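Got your viewer open and a selection box ready? Then let's take a walk through this one together, stop by stop.

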Amino acid sequence: MAVTEARTEMPVVDRAVALNLLDVHHGYERAGERIEVLAGADLEVRAGELVAVVGRSGSGKSTLLHVAGGLVAPARGTVHIGGRELGDLDAKERARIRRRTVGFVFQFFHLLPHLNVRDNVALPLLLDGARTRTARDAADGVLAAVGLTDRADHLPSELSGGQLQRAAIARALVTEPDVVLADEPTGNLDATTAGEVLDLLVAQVRDRNVALVLVTHDAASAARADRTLHLLDGLLV
């Protein structure tokens, strides 16, 4: 008699889905009390899709991005990037996936002040083991795409706010990621410059078929998204 082995069915994640969060919970302790900022959040973002996340200050929007990008492991739930569950990976492999498949854009740029713009943009590739010339050539290519070729040899202190954010966008894109996570990327800019930077960011992710999750307080920025989700009571609605 043939013996049939029982097999556990594994969930299938659509490879066209660049980012998938399922039932994600996360919080922190404050004065002996557990504060839940994510209480079962679900999020699916497909390649080339732009999703805006809005919510009041302290609602957990930045925490959501940190979990989505693998910077923080959720207390419960799963995070898939490009079909791979981060919880199944060790710390070294999670860092590798994060370096190669996720780009981060922050409100305050986070460029290293002692490196010129080219080397700031090349840094993610250098950290991943690329040769210096290869990384700098790639940086020059993406700097051209964001209109900063003439600022490649300048230090961050020599750039305007809009130029700094363009450089930060270039750094996020240089690894050719599957997902870009942008945390209030126009929040430190005047209205005109903010509009120009957002136009650039949207155009670049559209051209590259990259998924973009944009955390913002700005209604005009959220209106550019394909979908807008509200983070309320730890859930995305």
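What follows is a tour of helices, salt bridges, loops and a surface patch.

Before you click, note that this is a predicted model, where local features need pLDDT of at least 70, side-chain atom pairs count only at pLDDT 80 or more, and totals for chains, interfaces and linings use all residues. Residues are numbered from 1 along each chain as its sequence is written, and side-chain values use heavy atoms, with hydrogens and water left out.

**Stop one: the helices**

Start by selecting residues 117–127, which form helix 3, and then add residues 132–145, which are helix 4. Helices here are DSSP runs of H or I with at least four residues, strands are E runs of at least two, and both are numbered from the N terminus. How do helix 3 and helix 4 pack? Their angle is about 120° and their axes are 8 Å apart. The axes are lines fitted to C-alpha atoms, for helices over the stretch in contact, and angles run from 0 to 180 degrees between N-to-C directions. Helix 3 and helix 4 are therefore oblique to each other. For the wording: under 35 degrees counts as roughly parallel, over 145 as roughly antiparallel, 65 to 115 as roughly perpendicular, and the rest as oblique.

Keep helix 3 selected and bring in helix 5, residues 161–173. The axes of helix 3 and helix 5 come within 7 Å and cross at roughly 30°, so these two helices are roughly parallel to each other.

Next, light up helix 6, residues 191–208. The axes of helix 5 and helix 6 come within 10 Å and cross at roughly 15°, so this pair is roughly parallel too.

**Stop two: the loops around those helices**

Pick Leu-159, in the loop between helix 4 and helix 5. Is Leu-159 buried or exposed? With 10% relative accessibility, Leu-159 counts as buried; buried means under 20% relative accessible area, exposed over 50%, and partly exposed in between, using a 1.4 Å probe and protein chains only. Now select Val-117 as well: Leu-159 and Val-117 are 42 residues apart along the chain, yet their C-alpha atoms are separated by 9.2 Å.

Then hop to Gly-187, in the loop between strand 7 (179–183) and helix 6. Gly-187 is partly exposed, at 44% relative accessibility. Draw a line from Gly-187 to Thr-216 and you should get 7.8 Å, C-alpha to C-alpha, for two residues 29 apart in sequence.

**Stop three: two unusual backbones**

Most residues other than glycine have a negative phi. Which way does His-110 go? Its phi is near 55°, a positive value. You'll find His-110 in the loop between strand 6 (102–106) and helix 3, where it is partly exposed with a relative accessible area of 48%.

Asn-209 also isn't a glycine, and it has a positive phi of about 60°. Look for Asn-209 in the loop between helix 6 and strand 8 (211–215). Asn-209 is partly exposed, with a relative accessible area of 47%.

**Stop four: salt bridges**

How many salt bridges does the structure hold? There are 13, each one a side-chain nitrogen of Lys or Arg within 4 Å of a carboxyl oxygen of Asp or Glu.

Select Arg-34 and Glu-36, whose side chains meet at 2.9 Å, N to O. Arg-34 is partly exposed at 37%, and Glu-36 is partly exposed at 40%.

Move on to Glu-93 and Arg-96, a salt bridge at 2.7 Å, N to O. These two are three residues apart in helix 2 (residues 91–101), so about one helical turn separates them. Arg-96 is partly exposed, at 23% relative accessibility.

Now try Asp-150 and Arg-151, with their closest N and O atoms 3.4 Å apart in a salt bridge. Asp-150 counts as exposed at 52%, while Arg-151 is partly exposed at 24%. Then go back to Glu-93 and Arg-96 and add Arg-84: salt bridges that share partners join these three into one network.

**Last stop: a nonpolar patch**

Show the surface and color Leu-232, Leu-235 and Val-237, which make a nonpolar patch of about 260 Å². Patches are made of residues with over 30% relative accessible area and no salt bridge, with like charges joined within 9 Å and nonpolar side chains (Val, Leu, Ile, Met, Phe, Trp, Tyr) within 5 Å. Accessible areas come from the Shrake-Rupley method with a 1.4 Å probe, and for residues only the protein chains shown count as cover. Val-237 sits in the segment after strand 10 (235–236) and counts as exposed, at 52% relative accessibility.
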